[in-house]
Structure formats: structure tokens, C-alpha cells
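Please open the structure in your viewer and keep the selection tool ready. The tour below moves from one selection to the next and says what is found at each stop.

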Amino acid sequence: MVDTVNVEKPTGVSVRAFSHGEESALLDILSDAFGSFADVPRTRAALSSRRFDADGCFIAEQNGVPIGWVAATRLPRDKWFVIRYLSVKQAMLRTDVAENLLDRAIKYVESKGPEFLRATTPAVQPYVEVYRKLGFKPLRRDFRLSWQIDDVPPTGDSRLEIEEVSDMTMDSASNTFVQASSPYWDWRTEEEGGIVAVAESFKEDRSRGARWILARSNKEYVGLVGIIPDYYQPGVAWFRGAFVLPEHRGKRIGSALMYEISKFAKTIGRRKMVVYTFSYLDSLAPGALLYLKSGGKIEAEYLQLARM
């Protein structure tokens, strides 16, 4: 870790700890700061999840009115942390407030003896520059893409046998998910605490309403694809991704899976899908490329940054 940068305290603004019951105020600040870049449903879910660390959440106030906030949260891997949600009303005029909030979050993490610290932010100023100033360097890009269901090209594959994941096939689905995530998502597996933890997290996804489809070819599992219907609003699903086992890549199975999930979504009355997916700093990751080829449109871009 680099030494903490000295940050001048903004005049007339105080930073204090978060108190339960203030979640709505935080979501309002996030929406005000980022507009359509803010993912309010997922942030609301995060604030009520077991991963949220209330002690690592800080609010900036001016004359008793909240104007900004940030949250530092433990990742599942021991001594690994992530900083999220740095947001300030009228941030371009209040970069000192953003710096002070981030400095507070960094100091909180450093008090825990961290081994790794990263952050995520919409790729907009002044936030990217604030992170850079306090020692963070860009690591990966994230995109939010969306599809109208009817926009997905009809690229089916008659060789595939399709079935929705059930209790009977859950173990096979979780194993397929873990194997198909490598190597591109190895960084996430590392953050989540390893292969076993990722497999368990996949199974828990059903409690949020996830619907997954398994694909087989010649009686062998080759990949899977999933959505959480109505996650964002009625008719708008959270697309959970398309995953193909390494030995079956390059056979257009990913495109076929995109078509299968679009048909499934349409059958259950959904009209739109939204996904968040990572990419490299200088090129598109295979998943992002697949989604763009399948009719997805980029709505927003984010940065993951690491503090070395």
C-alpha cells in the first residue's frame, strides 16, 4: 500500500459514520451524482446484504444535510476490501469533499491490515481523478449493456439440448459455472474466496429469483446462461451472463445461448435484459464482445481501480 495522501478537510463540511435508517438518503445522493449511471436496485440490495459493513460507510454533511457518501466493504477473501459508491452532489464544485470521503474510507481499510484494496466507480470525472490522486490505478473496465429481447439475433443451434436448472441439476450447473468462468473471471473467483465459495454463491443466486438454463451437446454439458426476471422493474431482467466451458469455445455456443435466453425471457413475458460485465483496459473481454455481437448496447462504463 502507498502512503495516504494528505487531504485538506473541506470548509464547512463534516464527515461522519453512517447510521442505519439513512439508506434512502444515500440512494438519493447516488442518483443525483450519477443519474443513469447509478444502479439503484443493486445498491439498495447491497446496503441490506450481509456483506455491507456499516462501520466502513461514511457520509459528508453540510449544515446537517448529507451531500456525499462512500462505503468500504470486505470482500469474501480475508483482508481484501473494495471501496464503492463514492458520490457527491455537484462533485465538480466539491472535489475536496470527494477526496475527504475517500481518504476516510482508505484509513478505515488500513486500520484492518489489508492485503488488497480495490475500488469501482463510474468512469466520469472528477471521481476517476480523485481515485488517482489518492493512489489508485485503473485495473479493468466494466460495462453496463442492455438488450431489447427482440434484438437478439436468431442464432440457435439444433445440436444443443436445453433444460432449465432444477434442484436435481443444481450441482451440475454450479460446477459448469465455475469451470466456464475460467480463466477470464479468475480475478473474481479469487476475490470471492475460491472455487467452493463461487459454487455456493451460484446456488444462492436462486434465492434472488435467478433462472438458469443448461446446455448439453452429445449428452455432455457445454455451458449455461441465466437471468433474474423483473429485477430492475417489471419486464426488465438482470442478465446473469452466458458461460461456455473452455473446451467448447469457438463453436458459436455462446451465440446460441444468447438466443435461447432471449426466447426464454420472451416466453415468460420479459422485454429487456441488463448486464454488467468486465473488460480489459485496452481491449474487449470475450463476454463483452459476445454481448455486443448479440445486439447489446453499452449504456454506461465504469472503472475498477487498485491501490498498490
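## First stop: L290

Select L290, and you will find this residue in helix α9, which covers residues 286-293; helices here are DSSP runs of H or I with at least four residues, strands are runs of E with at least two, and both are numbered from the N terminus. Before going further, note that this is a predicted model, in which local features need pLDDT of at least 70 and side-chain atom pairs count only at pLDDT 80 or more, while totals for chains, interfaces and linings use all residues. Residues are numbered from 1 along each chain as its sequence is written, and side-chain values use heavy atoms, with hydrogens and water left out.

Is L290 buried or exposed? L290 counts as buried because its relative accessibility is 16%, where buried means under 20% relative accessible area, exposed over 50% and partly exposed in between, with a 1.4 Å probe and protein chains only. Now add A242, G254, S255 and M258 to the selection, since L290 touches these residues when those up to four places away in sequence are not counted; a contact means heavy atoms within 4.5 Å. Then draw a distance from L290 to V70, which lies 220 residues away along the chain, and the C-alpha atoms turn out to be separated by 33 Å.

## Second stop: E192

Move next to E192 in helix α6, which runs over residues 186-192. With a relative accessible area of 15%, E192 is buried. Show the side chains of E192 and R51, which are joined by a polar contact of 2.7 Å (a pair of N or O atoms within 3.5 Å; within protein, one must be able to donate a hydrogen and the other to accept it, and residues adjacent in sequence count only if both atoms are side-chain atoms). Leaving out residues up to four places away in sequence, E192 touches R51, P76, R77, A197 and V198.

## Third stop: G21

Now select G21, in the loop between β1 (13-17) and α1 (23-34). G21 counts as exposed, at 65% relative accessibility. From G21 to V130, the C-alpha to C-alpha distance is 28 Å, and the two residues are 109 apart in sequence.

## Last stop: the whole chain

Finally, select the entire protein chain, which has 9 helices and 12 strands. Of its 308 residues, 52% count as buried, and the C-alpha trace spans about 65 × 35 × 35 Å along its principal axes.
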